[in-house]
Amino acid sequence: MPDDARTPAAVPDAPPPPALPEWVDLVRQAVPDGVQAVLGVPGGSGEADLPTLAVAAGRWLEVVAALKAGGFDFFADLGGVDHPERPARFDVVLHLRDIAAGRIVRCVAEVAEGGSLASLEPLFPAAGWPEREVFDLLGVRFAGNADLRRLLLPDDWEGHPLRRDYPLTGPRALSPESPYAI
Amino acid sequence: MAAAETTTLNMGPQHPATHGVLRLVLELDGETVVRCVPEIGYLHTGIEKNVEHHTWQQAITDTDRMDYLSPIINNLGYCLAAERLLGIQVPERCEYIRVLMAELSRIASHLVFIGTYALDLGAMSVYFYAFQAREAILDMYEAVSGVRMNLSYLRVGGLQYDIPPQLQGMVDRFLEELPRWMHDFRSLLDDNPIFVGRTQGIGVLTPESCRAWGVTGPALRACGVAHDLRKAAPYSGYERFDFTVPTRSEGDAYARYRVRLDEIEQSARIVRQAMDGMPSGPWRSADRKVTLPPREELTTSMESLIHHFKLASQGFRVPPGQVYQAVESPRGELGFYIVSDGGTHPYRMRVRAPSYYNTQALKQLLEGELVADAVAAVGSLDMIMGEVDR
């Protein structure tokens, strides 16, 4: 029986990788080098509890501006996380909401010790205090924040208490015997 | 006749109408506020830092102390976030009890607002009526957990105890009396010419300014945006309950007061449904890696004894990851951003406190107002400095 009489075995097409949501593409078009990774969305590179963009620190303001233009116009929150073992030890984490469409997005930028990010105050006046708080408690600076003073602690406070190597009790200088040493 | 000189006035931090320790630096041109700089931090207790040194279960006691007028809702946001990281589901009865207690605590919080706000504006008696009503809720707290404030009643994976049988009668009595109390508040304030004159048109927010400043909760709903996380992103089974989201369109202090009154009535509806529809069954997760075993098992089961020892001595581990869980507190979006590194303590907990953003909005809210209206505008946001400063 000639081979061509047989129907060729159907090669199952590998399903095409799911496309990234449209709003991610819009951000990427607006700021081509701004988004380093996308998590928590179909077609993204990993799992997350909600759509998460890893943002290049130098493109922070532009990416957030593109998200705002794309509907994420409600400033939910901004905070920071310290990972002292990493070269760029701070994560600055931003949550934005789109109330009309019921969407939420997280943006994360890595900042090194002594580094800074662009302030989001020109986009959202609400960013004023959270940026001051991240500066106060973690020591990340925000270029362009109109009033970058300590927010919660006295102006003469030394150090940044939310850093992981800042002790909870005792003298402020961290001793190796400290139970809080990492 | 441009005024060349302005006066700087310090309002607070020990001002009776600032509800805690908020300091406002007001720059006045005559009697008009031209600039307002809120200063916070007087009540900073390092809660976010403390949490990193508490086990996952111990950290619940820290959350109570942020918004101490609705501690259950703080507990709820935290526990939901930790449970999402753990990937555990609590039984239906637990969700009902959580909703029941959360709505009671929303009513209690709004009652404090009504009482203290009226007091700010010179109406003394409303305060006593409102606290009388709130007392009934504190009695329920006590019946349920043994504690009247900061009750830490919720646990990651469930609750501290099941609700006691006498709660049914207490809730019934409260819901029966509530309409009369509400009638008292409404007749004392709603059309009271002094109250209306001091609140209408004062401290106006627009949907745009709310978006710009991150203002949520009754202040957002008072300018016509029907955004409530219980509807927008339901948690703990809120989608099962029938309630509406009250809104007003004026955006002023009076509208915020009316929205809160209407919310009390909606919360009462939820309480009724939660009590009537209360399913039987377990009230905490059966996951023995997270919830303590029943006491009676400890004498007969070696596994239970081991689990009990492990949970009591070092707590449970939570898989690495991060989560943002937001709940609707009486003041707006209360968000918990929690990072776990796989350990027995939270690696980082960032709290998005609604009062924090609402207080920041005072920068804009007070500009152009008369200094005499500052108290009316500040009080109408119902901020809790405990969660602003954390």
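What is the mean pLDDT of chain B, and what share of its residues reach 70 or more? The mean is 89, and 98% of the residues of chain B reach 70 or more. Keep in mind that you're working with a predicted model. Where pLDDT is low, the predicted coordinates should not be read in detail. For the complex, the predictor gives an ipTM of 0.87 and a pTM of 0.87.

**Exercise 1. Describe how chain A is built.**

Step 1: count the elements. Chain A has three helices and seven strands.

Step 2: put them in order. Starting at the N terminus, you get α-β-β-α-β-β-β-β-α-β.

Step 3: look at burial and contacts. Of the 182 residues in chain A, 38% are buried. Take the contacts in chain A between residues at least 6 apart in sequence: 47% of them join residues at least 24 apart.

**Exercise 2. Check the radius of gyration of chain B against that of a compact globule.**

Step 1: list what chain B contains. You'll find 16 helices and eight strands.

Step 2: get the expected value. For 390 residues, a compact globule would have a radius of gyration near 21 Å.

Step 3: compare. Chain B comes out at 22 Å, which agrees.

Step 4: add some context. Along the principal axes, the C-alpha atoms of chain B fill a box of roughly 85 × 45 × 35 Å. Buried residues are 52% of the 390 in this chain. Among its contacts between residues at least 6 apart in sequence, 69% link residues at least 24 apart.

**Exercise 3. Work out whether helix H3 of chain B has the span you'd expect, and where the helix sits.**

Step 1: take the 16 residues of H3(B), residues 71-86, at 1.5 Å a residue; they should span 22 Å.

Step 2: check the ends. The end C-alpha atoms of H3(B) are 22 Å apart, so the span agrees.

Step 3: ask about burial. Because 15 of its 16 residues are buried, H3(B) is largely enclosed by the rest of the structure.

Step 4: see what comes next. Gly87(B) follows H3(B), and its phi is positive, near 70°.

**Exercise 4. Find out which parts of chain A touch chain B.**

Step 1: count both sides. Chain A puts 25 residues into the contact and chain B puts in 29.

Step 2: name the elements. On the side of chain A, strand E3 (74-82), strand E4 (90-98) and helix H3 (128-138) each give two or more residues. The largest share, six residues, comes from E3(A).

Step 3: sort by class. This side of chain A has 17 nonpolar, four polar and four charged residues.

Step 4: zoom in on H3(A). Here 11 of 11 residues are buried, including Trp129(A), Arg132(A) and Phe135(A). Their cover includes E3, E4 and strand E7 (141-143) of chain A, along with helix H13 (354-360) of chain B. After H3(A) comes Gly139(A), with a positive phi near 90°.

**Exercise 5. Explore the largest nonpolar core.**

Step 1: find the best-connected members. Out of 163 residues in this core, Val63(A), Val92(A), Ala82(B) and Ile338(B) touch the most other members.

Step 2: find the biggest contributor. Helix H4 (residues 92-120) of chain B gives the largest share of the core, 15 residues.

Step 3: follow one member. Leaving out neighbours within four places in sequence, Val92(A) has contacts that include Leu78(A), Val111(A), Leu117(A) and Val134(A).

**Exercise 6. Decide whether Cys210(B), Asn150(B) and Arg390(B) are buried or exposed, and look at their settings.**

Step 1: recall the cut-off. A residue is buried with 20 or more other C-beta atoms within 10 Å, and exposed with 12 or fewer.

Step 2: take Cys210(B), in helix H8 (residues 207-213) of chain B. Having 28 C-beta neighbours inside 10 Å, Cys210(B) counts as buried. Beyond four places in sequence, Cys210(B) touches residues including Leu205(B), Ala219(B) and Cys223(B).

Step 3: take Asn150(B), in the loop between helix H5 (124-145) and strand E4 (154-155) of chain B. With 16 other C-beta atoms within 10 Å, Asn150(B) is partly exposed.

Step 4: take Arg390(B), in the segment after helix H16 (385-389) of chain B. Its 27 C-beta neighbours inside 10 Å make Arg390(B) buried.

Step 5: check phi. Most residues other than glycine have a negative phi. Yet Asn150(B) has a positive phi of about 35°, and the phi of Arg390(B) is positive too, near 50°.

Terms used
Residues numbered from 1 in each chain as written. Chains lettered and ligands numbered in written order. Predicted model: local features only at pLDDT ≥ 70, side-chain atom pairs only at ≥ 80, totals over all residues. Contact = placed C-beta atoms within 7 Å. Helix = DSSP H or I, 4+ residues; strand = E, 2+ residues; numbered from the N terminus. Nonpolar A, V, L, I, M, F, W, Y, C, P; charged D, E, K, R; others polar. Rg over C-alpha atoms; globule rule 2.2 N^0.38 Å. pLDDT = per-residue confidence, 0-100. Expected span 1.5 Å × (residues − 1). Core = buried A, V, L, I, M, F, W, Y, C linked by C-beta atoms within 7 Å.
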